[in-house]
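Welcome! Take a look at the structure below, and then we can walk through it together with some questions and answers.

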Amino acid sequence: MPEATSPDSIKPSSFIAKLVSGELGTLLALAAVIIFFAVADPIQNGDRASFVTVRNFRVMMTQTSIVAVAALGMTMIIISGGIDLSAGTALTLSATVLAWFLKNDYPAFAAVAVCLLTGVTCGLINGLLISSLRIVPFIVTLGTMTIFLGIGKLVSNETTIFPSAAQRPDWISNLCSTKPPDMLAGGMPNLPLAVWITLLLAIATTVLLKYSVFGRYIYALGSNESTARLCGLNIPLVKTAVYAVAGLFVGVAGMYQFGLLKMGNPVEGIGLELKIIAAVVIGGGSLNGGRGSILGTLAGAAIMTVIASGCDLLEVRNPYQNIIVGVIIVAAVLLDQVRERRLAA
Amino acid sequence: MLRMEGISKRFGATRALHNVELSVERGEVLALIGENGAGKSTLMKVLSGAHHPDSGSMTLDGTSFQPAGPHAARTAGVAMIYQELNLATDLSVEDNIMLGLEKSRLGFLKRREQRKLVSQALETLGHSDLKPTTIVGHLSVGEQQLVEITRAIVMDAQVVVFDEPTSSLPKRDVDRLFQVIERLRSDNRAIVYISHYLEEVRRIADRFAVLRDGETAGTGTIADVSDREIISLMVGRSVEDLFPQVPHQPGETILTIENLHGLKKPAGSSIDLRKGEILGISGLVGAGRTELLRCLFGLDKVQSGEIKVSGVSCKPTPRRQIAAGLGLVSEDRKSEGLAQSLSILDNMVLSRLEPYSRGGWINPKKIVASGRDWMKKLEVKAQGPHQPVEALSGGNQQKVAIARILHQGADVLLLDEPTRGIDVGTKSEIYRLIGEAAADGKAVLFVSSYLPELMAMCDRIAVMANGTIRACRNTSDWTEEDIMSQAITN
Amino acid sequence: MKKFFTLSLHSVLFVLLGLAFLGGCNTQPSESSNAESDSNASTGGDRRLQIAVIPKGTAHEFWKSVHAGAERAAEERGVDIIWKGPQIENDTAGQIETVRNFITKKVDGICLAPNHSEALQEVVEESQLSDIPVVIFDSGLAKGAEFLSYVATDNFHGGELAADQLAKAIGEKGKVIMMRYRAGSESTEQREEGFLAAIKKYPDIEVVSSDQYGEATTAMALEKAQTLLLKYGDEIQGTFAVCEPNCNGMLEALENSGHAGKVKFVAFDPSEKLVTGLREDKVHGIVLQDPVSMGYKSVMTMVDHLEGKEVAKVVSTGEYVATPENIDGEESQRLLHPVTKE
């Protein structure tokens, strides 16, 4: 059966469409949410309005960074066509390990190194299981999710580990701090270390995805695994590497969490993976793989924080806040579907 | 009974059917014969209401027949029995037969009435032994087919179309199927029987119709013609200058396959391929040609046998084969051949990024420059190198796939149906590319179901059937009739 | 067309957003008290004081009573309160985020029931640096951060009361277990320590297990309690659990394993189920706090401070043991049926 094709029947460029529906779409959405609150806050709160203040943007950036840094890794995983449900518990496992090492008076650099290593190991385990057992990532990470939780409970002896203030180095304690002043002398905003690290890692990941052989392989794998195989990619290796690198980010996020909470409690991470995945999805990542962007993910994570902040400032009750975030996630997925269908047509 | 007159159908620039005539009477079996792509399926889709013809008319028992869709055609009395069965495997025989036709009162099934209908239909077919309560999933493929046929009887189909019904049946079931068809004929229904296999056609059919390139090439009474005559009707066509010839000279052997066994297919294939040679592989769908290429390239598991590239024996994986100088163009562009959502560039260079990377980091400028060159060389028509492959036409997609293995620097090109679903103009360009590759000293293994292109392009042609290579001769020693009979006879 | 479609999708999204907000904002009047007609108008110029009250959670009866008390104080003093807690009681990070946002909002004061004594320390410090006074209620904060006042049940004393009641119930003799809540929760730790300290007074009572944590939800506590009863159920005479979800889980486990009534059970904080248990001889004592008073006194203390009055560093809100004997008494009934918000 001959196919209905002719050499001239090339579809018009999807460039504009891509721009509107891709990461730019998420950025527009972020801008819209910010503008919405910037307008609504003075209407409701009058001269008490505080949404558009340096302080608030500082706080929002700091709050975003924990989810965002883990979502950087998740973006890579999702682009490669995978998913990691264990990110939340792996994150707190890393934080718990960090707390344990500090509590037992190990030097801070060693504790941080082990924390990051824990994240990488969790990712490595996921990657190895997925590529060697050939089980879908959803199932594997569903399993490791509780495994990591269990290990975390073992490490913490089923309670909470909190090292004393003296056992915590200052830089970790202040990792996610939003204490005043808002502006440093010299006009620089006083952003905590976590924000800078996240920005740095975001740039690094963008470069990695765009300019490295590994990055190309991630996109190829997620776009079409059969093609990747046909082109001679070492698929198990690429998969394992993706999860391991993502694990590193999870470890960094674990360090942030410890910096924020000053304690290691393995149950604090339950449900966090959904926030992380949501950030990627809102940011235009496709759960079918092959698509996703770091800028989009950052915007996705930021949208959730902005809504949380705006809802607190407008004194919106929790249930409505939950509904709003849910609506945004569904809308983002809907958008993804529309995009996919249009391209398939 | 059924008459189709002057049926024409176009898909875009492609002419699928042109002025096709077909008629079948009650109590008659008509065999519809033709190559892959000759238009048999399209014609049957027109009959079943899945496609609407651009022109032409159909009559059923003298009254005009213009089905709005498959359902309308069924209720009008035209039933199709496809290769792939459409059954709910968890339901019983009776429930399957009555699915959508349930007799009921107030939403409750009238079991007794249904049971009667089903038993009557089974009796008509001479298969009262099939229990209506059996779960369909527990039946053999042949019995399942019987369920579909029974369904057609219950619907009171007057025209029953069988689309290659024996392709997945064991011998015993084939005999039973033929008995059933006999029953249908003696029950005064009209039957259209589509098949490649001339033996079968001779056994069951009264008359035949041959389709070629979407036209009726000939009709007649089966008893009056020889196999040879039918085959020449099927392939008889002059080789146009569709096939640009690039002079090339076969050299030393580069690829040797000895007694290669895959999981199912190939089942003991041996062949050797020389530099600067185009070796065609012909055969029917399911003969194991694709599997042979996949085994060679390490995509399917090799059970036993030996593959030597340049005299070196190897255990194939795609990675190793690419390193050894093999390149594969998949028959399935969509789900395997190309990463549809990636750009033309990314698809072209994916199997060889080394020239553009240092220490794992890529220089995108170099890729763009080289990609543009390749697009120019292969005349890929696109808006730019960054356009996603999914936005391209089939022909341009195929060029990208071919560009990839050329860019990869492969010495042995494994091409699986490289011209399938492509317009004539692009086909010609791809033939030129193949010829140029051979002139460049590359070895080409060219799998195709389209005989004329093999005859025109190849130095040698091998015929595969049932997973083995039946014969391999110089093209000049083959006639199309020989090839068909090698491929068809079991 | 394509562009239009995607853009329109975005606009649909924001219309939905807007609608959701309308819903959220419409509930405003019920959220902050609009006691316009109140006679006790607040001091300090032309605008009303705004005080954020942040509980550990919102799901349990206890917090609803705190809310009611806080509302009553707000009405009396003519101030607005903003009641906002995390969705689940153990969402420490969420609580930190909420406190930060209220600092951003520059509320006049924050009343906080910290989820964790260490984790919330930094934001309390942050609040102090931003000149927003903090009253800590219900649960304590680790030493370090400065805050105005600590308004809480004397949990240590409550634990002691529980120990005495349990001892009485088992005849001052036998083996008992205690199920902890979770590490880092200051208030429950005080109860646990109070209990362990007081039970030592009875030489014939042995605590066979006191190192297991029931965690934040009834389901988790039930699981832990079942394990404990499987192990010790047949050898113990008494058990003590330290807060509402914990006690509900423990009672459920006792009923499931058939130990209810045989093993004497003293609970901390009431629930309908526990009170019924008390009447059915399945529960033998409930230490009652005064959540209404807690909410009331927290806000009162804050307003006092904002109006320039001296306030006490520690404000106790009282504790009382309900027993099968005094359950219908006036004090028990007042504490068991406090006014609740909503």
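Q: How many bridges join strand 15 of chain B to strand 22 of chain B?
A: In this predicted model, strand 15 covers residues 278-283 of chain B and strand 22 covers residues 443-447. The two run parallel. One of the bridge pairs links B:Leu279 to its partner B:Leu445. The number of bridges joining these strands is four.

Q: Which strands of chain B stand at the edges of the open sheet with the order 18-21-22-15-23-24?
A: This sheet of chain B has six strands, and their pairing is mixed. An edge strand has a single partner strand, so one side of it is left without a neighbour in the sheet. In chain B that applies to strand 18 (326-329) and strand 24 (468-474).

Q: Which helix of chain B packs on this sheet by touching strand 18 and strand 21?
A: Strand 21 spans residues 412-416 of chain B. The helix that touches it, and strand 18 as well, has a direction that makes about 175° with that of strand 18 of chain B. This is helix 14 (residues 394-407) of chain B.

Q: At about what angle to strand 23 of chain B does helix 17 of chain B run?
A: Helix 17 is made of residues 480-488 of chain B. It lies across strand 15, strand 23 (460-465) and strand 24 of chain B. Its angle to strand 23 of chain B is about 25°.

Q: How far apart are the C-alpha centres of the two domains of chain B?
A: The domain assignment places residues 2-235 of chain B in domain 1 and residues 253-488 in domain 2. Between the C-alpha centres of these domains of chain B, the distance is 36 Å.

Q: Which strands are at the edges of the open sheet in chain C?
A: Six strands of chain C form this sheet in the order 2-1-3-4-5-11, with parallel pairing. Within it, strand 4 (residues 134-137) and strand 5 (residues 149-152) of chain C pair over three bridges, and C:Ile136 has C:Tyr150 as its bridge partner. The edge strands each pair on one side only, and they are strand 2 (80-83) and strand 11 (314-316) of chain C.

Q: Which helix of chain C packs on that sheet?
A: The helix touches strand 1 (50-54), strand 2, strand 3 (109-112), strand 4, strand 5 and strand 11 of chain C. Its direction makes about 160° with that of strand 5 of chain C. The name to remember is helix 11 (residues 291-306) of chain C.

Q: Which residues touch the most other members of the largest nonpolar core?
A: This core holds 296 residues, and its largest share, 17 residues, comes from helix 11 (residues 235-261) of chain A. Beyond its neighbours within four places in sequence, C:Val299 has contacts that include C:Ile51, C:Val53 and C:Cys111. The residues touching the most other members are B:Phe446 and C:Val299.

Q: What is the radius of gyration of chain A?
A: Chain A has 14 helices and zero strands. For its 345 residues the globule rule gives 20 Å, and the computed value is close to that, so chain A is as compact as a globular protein of that length. The radius of gyration is 21 Å.

Q: Which chains share the most contacts?
A: Two pairs of chains are in contact. No contact joins chain B and chain C, and their closest C-alpha atoms lie 15 Å apart. The pair sharing the most contacts is chains A and C.

Methods:
Residues numbered from 1 in each chain as written. Chains lettered and ligands numbered in written order. Predicted model: local features only at pLDDT ≥ 70, side-chain atom pairs only at ≥ 80, totals over all residues. Pairing = 2+ DSSP bridges. Contact = placed C-beta atoms within 7 Å. Axes fitted to C-alpha atoms, helices over the stretch in contact; angles between N-to-C directions. Rg over C-alpha atoms; globule rule 2.2 N^0.38 Å. Domains from an automatic or database assignment. Core = buried A, V, L, I, M, F, W, Y, C linked by C-beta atoms within 7 Å. Buried ≥ 20, exposed ≤ 12 C-beta atoms within 10 Å, placed from the backbone.
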